[in-house]
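Let's take a walk through a protein model together. Have a look at the sequence and the 3D view first, then we'll start with one small detail and work outwards.

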Amino acid sequence: SMRLNQLSSQLTAAGQNGRLDEVGLIVSELSQLYTELQTLQAAVTSETSSSARQELVNCRIVLHGMMDAVQDIRTATAEQYRQVLGENKTVFEQLDEAAQQSEYSQAYQYRLAFKQMDEVSQHLHQLDGSMLDTGYQLERGAMAGDTLNGAVQSEDLTLGTDEGGTMM
């Protein structure tokens, strides 16, 4: 969670100062975290502690904050893109990339920043899904290792109706 907090701070700072040149590093770190999480999933045992599950919850909270920040940056970037281009938006979008970059460099930079935020968003969602999976595995491992701790297996639950036909 410390690494995610650091990445979150970097992302927020990049969005506030408009310098999105660090986005590549953020994407790289998110990819590395995803790989590490995959390794963790393979090592889940019934002895895995509840602190690991809590750490995943903390990480997901940070991830969701980062998702919100990415959405804010995307929105601001799209607005700036539209403002810079004004009536030239259609013309800009019909140009090839080289012409976009040379004739409308500021709009081109906003378009790149928007695409970068899409990439960051994809990585965040992938990491979030993987954390959900890992949390589920940790929970299953904890339940398999200690079912006497008040945990109820889903197979043990029954569903019935009372005399009035309502579910209970």
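Leaving aside its neighbours within four places in sequence, which residues is His 123 in contact with? Keep in mind, as you look, that this is a predicted model. Find His 123 in helix H6. The residues in contact with His 123 are Val 27, Leu 30 and Ser 31. His 123 is also buried: its relative accessible area is 16%, and anything under 20% counts as buried.

Now zoom out for a moment. The protein chain has six helices and zero strands, so to speak a plain run of α-α-α-α-α-α when you read along the sequence. Of the 168 residues in the protein chain, 30% are buried. If you take the contacts between residues at least 6 apart in sequence, 71% of them join residues at least 24 apart.

Next, follow helix H2, which runs over residues 23–42. Its 20 residues reach 29 Å from the first C-alpha to the last, close to the 28 Å expected at 1.5 Å a residue. Which residues of H2 are buried? They are Val 23, Ile 26, Val 27, Leu 30, Leu 33, Leu 37 and Gln 41. These residues sit on the same side of H2, because they cover an arc of only 120 degrees around the axis. If the spacing of those numbers looks odd, here's the trick: an α-helix has 3.6 residues a turn, so residues three or four places apart point the same way. Turn to the other side of H2 and you'll find Leu 25, Thr 39 and Ala 42, which are exposed.

Let's stay with Leu 30. Not counting residues up to four places away in sequence, Leu 30 touches Leu 4, Leu 7, Met 66, Val 120, His 123, Leu 124 and Leu 127. So there is our His 123 again, seen from the other end of the contact. Leu 30 also belongs to the largest nonpolar core, which has 27 residues. Within this core, Leu 4, Leu 30 and Met 66 touch the most other members. Helices H1 (2–17), H2, H3 (50–85) and H6 (105–145) each supply at least two residues of the core, and H3 gives the most, with nine. Apart from this core lies another one, of seven residues, including Tyr 81, Leu 85, Phe 92 and Ala 107.

What about H3 itself? H3 has 36 residues and reaches 52 Å from its first C-alpha to its last, close to the 52 Å expected at 1.5 Å a residue. After H3 comes Gly 86, whose phi is positive, near 55 degrees.

For a view of H1, pick Ser 8, which is found in that helix. Is Ser 8 buried or exposed? Its relative accessibility is 16%, so Ser 8 counts as buried. Ser 8 touches Val 62 and Met 66, again not counting residues up to four places away in sequence. Ser 8 and Gly 65 are 57 residues apart in sequence, yet 7.7 Å apart in space, C-alpha to C-alpha.

Last stop: the largest pocket, which holds about 290 Å³ of space. It is lined by 17 residues, and the closest to its centre are Gly 15, Gly 18, Leu 20, Ile 73 and Thr 77. H1, H3 and H6 each supply at least two residues of this lining.

How values were computed:
Residues numbered from 1 in each chain as written. Predicted model: local features only at pLDDT ≥ 70, side-chain atom pairs only at ≥ 80, totals over all residues. Heavy atoms only, no water. Helix = DSSP H or I, 4+ residues; strand = E, 2+ residues; numbered from the N terminus. Expected span 1.5 Å × (residues − 1). Buried < 20%, exposed > 50% of the residue type's maximum accessible area, 1.4 Å probe, protein only. Arc of directions from axis to C-beta. Core = buried A, V, L, I, M, F, W, Y, C linked by side-chain atoms within 4.5 Å. Contact = heavy atoms within 4.5 Å. 1 Å grid on protein atoms, 1.4 Å probe; cavity = no way out; pocket = protein on both sides within 12 Å on 5 of 7 lines; lining within 4 Å. Points joined across faces, edges and corners; volume = space filled by probe spheres on them.
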